[in-house]
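Subject: The model I promised you

Hi,

Here is the structure we talked about, with the sequence alongside. Have a look first, and then read on for my notes.

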Amino acid sequence: MKVVIIGGVAGGATAAARIRRLDERAEIVMLERTGYVSYANCGLPYYIGGEIADEEALTLQTPDSFFARYRVDVRVHSEAVAIDRAAKTVTVKDLSSGQTYLESYDKLLLSPGAKAVIPPAARVRDGRVFTLRTVEDTFAIHDFVRAHAPGRAVVVGGGFIGLEVAENLMRQGIQVTLVQRGEQVLAPLDADMAAFLHSELRRQGVDLRLGESLVSLEAEKVLAVCTDKGMYAADLAVIAVGVAPDTQLARDAGLALGQKGSIAVDAHMRTSDEHIYAVGDAVEIDHFVTGKRAVVALAGPANRQGRIAADNICGIASEYRGAQASCVVRVFSLTAAATGINEKTARSLGISYDKVVLSPASHASYYPGAQVMTMKVLYERDTNRLLGAQIVGGDGVDKRIDVIATAMRAGLPAPALKDIDLAYAPPYSSAKDPVNMAGYMIENVVQGIVRQFHVEEADALPRDGSVTLLDTRTPHEYARGHAKGFVNIPLDELRARLGEVEKGKPVYVMCQSGLRSYLACRILTQNGYDCYNFSGGYRFYDAVRRGGMSGRQSYPCGMEK
């Protein structure tokens, strides 16, 4: 059996190695358009910033090492330009010599990845304008920074690459303006969770420009990035507005396509041609949560798809069971992570959902160094099916999102998060882990023990006296800032001051993190009040409504000094 693989990064390289492990006699040819295979795509920005100092660390394998270990014929600077499905051949162009030749196959695997989207306004020929997708792109930015010591940079796009590039340019002492067309960065997050990242970017000195669209690049003596709201001078610009499936080859070959021009595949990663498979950023697969077709351009799914395609090529029935788009990114001192779907997606699909927002500590609050994280967990109302989660914070964000992602994959209902038996020691967690706490909160909501109101509802509450707005923090916390119209009765004084809370009116209660307001709601409810607890606490409200970043350090009961 002869297998030709087009694309030698995550999915293609994984498939090649798996095929060899399953079939020692197979002839495997891997074609890669760039000069590198099996490289650490996700590590590229950190080479620019200097955290990864050795450029060789970016390449996990070389053509020679891949051949030595797997006996795979790796050909770099080799571009597949056409597929003849009837003849089962690929036309290959040697980019070094310009010559073309035919390569036959029994099975063909497409792993072309995605290409950087360059909007018309950014299509200029100028050595100061870059994209970041390949190792060559990384070296070009890195070398430019070293050679020219730029003082100002504009990054267009606030997704994963844009955020990572902005941070790493800042680490090189470059002042960065980040331009984002939408009103938030990082689309997997909802706007309320992205608010924490906005505050962090500004705190670190990034000139964050939200809601601005790129109009043109003026590449004169001084490079200028022009938006619909301003013009920003720069010594270099990085265009990071997104990626699109690189599927022209598949299109020209007549393979069935999906959304965004992606390659349509079945659960076996087989295309509309039974002899051709496809994996990675270029393919359309099932979304694990919604069941709908989706394009998920992430390394984890690409690697799993490569293995599954290899299995099927070698006669092992293996299926890809969908992606839930679990992701994590560092933004200076914060970590942001998500899995499943967010509120925007749930609303667009008409899913009836509820949510909890909590601000637990990364580990036991009495142990030094505990940091507050903000968690949002979504679940389906009728079934309690977990839909997704978003977490922003410091230490421990990654492991909590992984636990929730695992629970989703296992089909655990949302309240069952409370039952997961997680490891505990004060330097690492709390006896009630944040994931467990989310489960307890969801159970309370599902059982009707507590009713909630959310940040999008808080400002719309009447301030005419028809409802009671109550803040149960300490007077010191209240004096530092509070939501309009909320009066202060500290939790520990509430029982003695119940007479100050008028009966017959709904009571909406807020505290710093949501814990003391929950306790207040239990007191009030059992004394005959119609009570609602604010989800997320004033800390969350302040971040979303005012761009505040109160309380990185964790204190007992959500109190912050």
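Below is what turned up, going from the cores to a small sheet, the salt bridges and a patch on the surface. Keep in mind that this is a predicted model.

Cores first. The largest nonpolar core has 61 residues, and the members that touch the most others are Leu 169, Val 185, Leu 189, Leu 197 and Leu 201. Val 185 is a good place to centre your view. Beyond its neighbours within four places in sequence, Val 185 is in contact with Leu 163, Leu 178, Leu 197, Leu 201, Leu 208 and Leu 210, and also with Gly 158, Ala 194 and His 198. Apart from this core lies another one, made up of 49 residues, including Leu 109, Leu 249, Ala 250 and Val 283.

Val 283 also brings us to the sheet, since strand β20 covers residues 283-286. The sheet is open and has three strands, ordered β18-β20-β21, with mixed pairing. At the edges are β18 (263-264) and β21 (293-294), each of them pairing on one side only. β20 and β21 run antiparallel and are joined by two bridges. If you want a spot to check, Ile 285 stands opposite Ala 294 of β21.

Now the charges. How many salt bridges does a search of the whole structure find? The count comes to 37. I picked three pairs that link parts of the chain far apart in sequence.

- Arg 330 and Glu 51: their side chains meet in a salt bridge at 2.5 Å, N to O. Arg 330 sits in strand β22 (residues 327-331), while Glu 51 is in the loop between α2 (44-48) and α3 (63-70), so the two are 279 residues apart. Arg 330 is partly exposed at 26% relative accessible area, and Glu 51 is partly exposed at 42%.

- Glu 456 and Lys 355: the closest N and O atoms of this salt bridge are 2.9 Å apart. Because Glu 456 belongs to helix α12 (residues 455-458) and Lys 355 to strand β24 (residues 353-358), the pair ties together parts that are 101 residues apart in sequence. Buried or partly exposed: which is Lys 355? Lys 355 counts as buried, at 3% relative accessibility, whereas Glu 456 is partly exposed, with a relative accessible area of 44%.

- Arg 451 and Asp 530: here the closest N and O atoms are 2.1 Å apart. Arg 451 lies in the loop between α11 and β27 (452-453), and Asp 530 is in strand β31 (residues 530-534), 79 residues away along the chain. Both ends are partly exposed, Arg 451 at 38% and Asp 530 at 29%.

The Glu 456 and Lys 355 pair has company, too. Both residues are part of a network of salt bridges that also takes in Asp 190, Asp 192, Glu 343, Arg 347 and Lys 376.

Last, the surface. Three tyrosines, Tyr 366, Tyr 367 and Tyr 424, form a nonpolar patch there, with about 360 Å² of accessible area together. Tyr 424 comes from the loop between α10 (397-410) and α11 (434-446). On its own, Tyr 424 is partly exposed, with a relative accessible area of 40%.

That's the tour. Shout if you'd like to go through any of it together.

Cheers

Methods:
Residues are numbered from 1 along each chain as its sequence is written. This is a predicted model: local features need pLDDT of at least 70, side-chain atom pairs count only at pLDDT 80 or more; totals for chains, interfaces and linings use all residues. Side-chain values use heavy atoms; hydrogens and water are left out. A nonpolar core is a set of buried Ala, Val, Leu, Ile, Met, Phe, Trp, Tyr and Cys residues joined through side-chain atoms within 4.5 Å. Buried means under 20% relative accessible area, exposed over 50%, partly exposed in between (1.4 Å probe, protein chains only). Contact means heavy atoms within 4.5 Å. Patches are made of residues with over 30% relative accessible area and no salt bridge: like charges are joined within 9 Å, nonpolar side chains (Val, Leu, Ile, Met, Phe, Trp, Tyr) within 5 Å. Accessible areas come from the Shrake-Rupley method with a 1.4 Å probe; for residues, only the protein chains shown count as cover. A salt bridge is a side-chain nitrogen of Lys or Arg within 4 Å of a carboxyl oxygen of Asp or Glu. Helices (H or I, at least four residues) and strands (E, at least two) are DSSP runs, numbered from the N terminus. Two strands pair if DSSP finds at least two bridges between them.
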